[in-house]
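Here's a short set of exercises to work through with the model open. Have a go at each task before reading its solution.

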Amino acid sequence: MFQPWADQVEKESGGRIKVEIYPSSTLAKPPAQYDAVKNRIMDMTATVQGYSANRFPLTQVIELPGVVKTAVQGSCVVQSLYDEGLLADEYADTHPLFLFTHGQGHLHTTDKLVKTPADLEGMRIRRPTIVVGDMLSHLGAQPVGMPAPETYQAAQRGVINGVMFPWEGQLSFRLNELTPYHTEVGGLYSLSFIVTMNKDVYNSLPGDLQQVIDDASGQAWAKIAGVNFDAADVIGRKQAVDAGQEIYTVEGGANNPAWKPVLDETTEAVLTELEGKGLPARKVYARALELSDSCPLE
């Protein structure tokens, strides 16, 4: 999706804007990428907000159970929250272009199938963010923080017993090779991403080139990102099915009676903590749930 974005910007600017893409954390490690844009070490980044712990707490409300159903729908939710000004203060030091989410995150394990929270007791599961880690702790697992590219080797060595990933992540990081057991708890969690730009770089552009950037921003590109993630989810899941792996889909997803009480505890704990810091977390969460119902699934 990023090369098509670059192609559009270069074309619409008549070649006056050149976009160089540096993949795989070439310019900065994931937790440092947002600050690298803020400090103009690089002009733009696409990064996961949750990798910068406690930096974007209201945005991370999107990670809570029951909000995201598909990547297209989740991207609509988080972009709308930003467009409505509910998240704007968290990004005052850069120039955001668009926000998006991946699809529903699931549980993928190496040695046994998880059907209920009790099955997770004592298991070491890679968590992508602190919010998801808190959820795993409530479920009885031992959350392990590590960058996504390190998960394959960690699973191979038995350092972790499983991972939290959307099916896209299973595909991208080849985790289906090592985690043949999959548990789909619909609405369990999803991560938010942002594509953002250094403010000085944006402000230094003449008006017509700022318009080119503006035209490559907002809901239109949030949806493009979501479409890409949803398509990759389909491929990642099919890969597991074709390999004859075991997929257990929890009836009712996050609302299943065995899962809902524990997931509700996680949600309440996160919202209470943020409200205690003076943040309007319940307002943002309530709006996220409203948008979750009104945003299109595809």
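**Exercise 1.** Which residues does leucine 120 touch, not counting residues up to four places away in sequence?

*Solution.* First, the ground rules: this is a predicted model, where local features need pLDDT of at least 70, side-chain atom pairs count only at pLDDT 80 or more, and totals for chains, interfaces and linings use all residues. Residues are numbered from 1 along each chain as its sequence is written, and side-chain values use heavy atoms, with hydrogens and water left out. Now look for contacts, meaning heavy atoms within 4.5 Å. Leucine 120 turns out to touch Leu107, Val114, Ile125, Leu139, Gly140, Ala141 and Trp259.

**Exercise 2.** Place Leu120 in the largest nonpolar core.

*Solution.* Start with the term: a nonpolar core is a set of buried (under 20% relative accessible area, 1.4 Å probe, protein chains only) Ala, Val, Leu, Ile, Met, Phe, Trp, Tyr and Cys residues joined through side-chain atoms within 4.5 Å. The largest one has 43 residues, and Leu120 is among those with the most contacts inside it, along with Trp5, Phe98, Met164 and Ile213. Next, the elements: H4 gives the most to this core, with four residues. Finally, a second, separate core has 27 residues, including Val61 and Val270.

**Exercise 3.** Zoom out to the whole chain.

*Solution.* Start with burial: 52% of the 298 residues count as buried. Then check sequence range: of the contacts between residues at least 6 apart in sequence, 73% join residues at least 24 apart. Last, the C-alpha atoms fill a box of roughly 60 × 40 × 35 Å along the principal axes.

Definitions and conventions: Buried < 20%, exposed > 50% of the residue type's maximum accessible area, 1.4 Å probe, protein only. Helix = DSSP H or I, 4+ residues; strand = E, 2+ residues; numbered from the N terminus.
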